[in-house]
Amino acid sequence: MDLLATTPETTTCTGSCATCPTVGSCPTRLVCRCLQVTEETVITAIVSLGLRTVKQVREATAAGTGCNCCHREIAAYLSVYASSSSSPAICSAK
Ligand code: FES
């Protein structure tokens, strides 16, 4: 399953954030420069693991565990790719 939207412009992508206009447009873009975590890794984790928070993305991918500068960007990926389901958890942690 292709989780990432592609555009013709991304075929020459170098992974530089400045050249990618929107989330999901460049699988090799570094979302987290400190930990070298790519957009593809972040999106795959969000979709396949059903992640909904920056903390969950941090735990699953290590993105955002350095200088914290990428938290806003991670949140942007969550807003696009996280499930919008608001069903309650089956088990609640106490
Ligand atoms: S850029 Fe992600 S933690 Fe620094």
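**Ala-63, helix α2 and the nonpolar core**

Colleague: Leaving aside its neighbours within four places in sequence, what is Ala-63 in contact with?

Modeller: This is a predicted model, where local features need pLDDT of at least 70, side-chain atom pairs count only at pLDDT 80 or more, and totals for chains, interfaces and linings use all residues. Residues are numbered from 1 along each chain as its sequence is written. Contact means that C-beta atoms, placed from the backbone, lie within 7 Å. With neighbours within four places left out, Ala-63 touches Val-31, Cys-32, Leu-35, Val-37, Val-42, Val-57, Arg-58, Cys-70 and Ile-74.

Colleague: Which element gives the largest share of the largest nonpolar core?

Modeller: Such a core is a set of buried Ala, Val, Leu, Ile, Met, Phe, Trp, Tyr and Cys residues joined through C-beta atoms within 7 Å. Buried means 20 or more other C-beta atoms within 10 Å of the residue's own, with C-beta atoms placed from the backbone. The largest core has 15 residues, and Ala-63 is among those with the most contacts inside it. β1 (30–32), α1 and α3 each give two or more, and the largest share, four residues, comes from α1.

Colleague: Why do the buried residues of α2 lie on the same side?

Modeller: Helices (H or I, at least four residues) and strands (E, at least two) are DSSP runs, numbered from the N terminus. In α2 (residues 54–61), Val-57, Arg-58 and Thr-61 are buried. They share a side because the directions from the helix axis to their C-beta atoms cover an arc of only 100 degrees.

Colleague: Which elements do the buried residues of α2 pack against?

Modeller: The chain runs β-β-α-α-α from the N terminus. The buried residues of α2 pack against β2 (37–38), α1 (39–49) and α3 (71–81).

Terms used
Buried ≥ 20, exposed ≤ 12 C-beta atoms within 10 Å, placed from the backbone. Contact = placed C-beta atoms within 7 Å.
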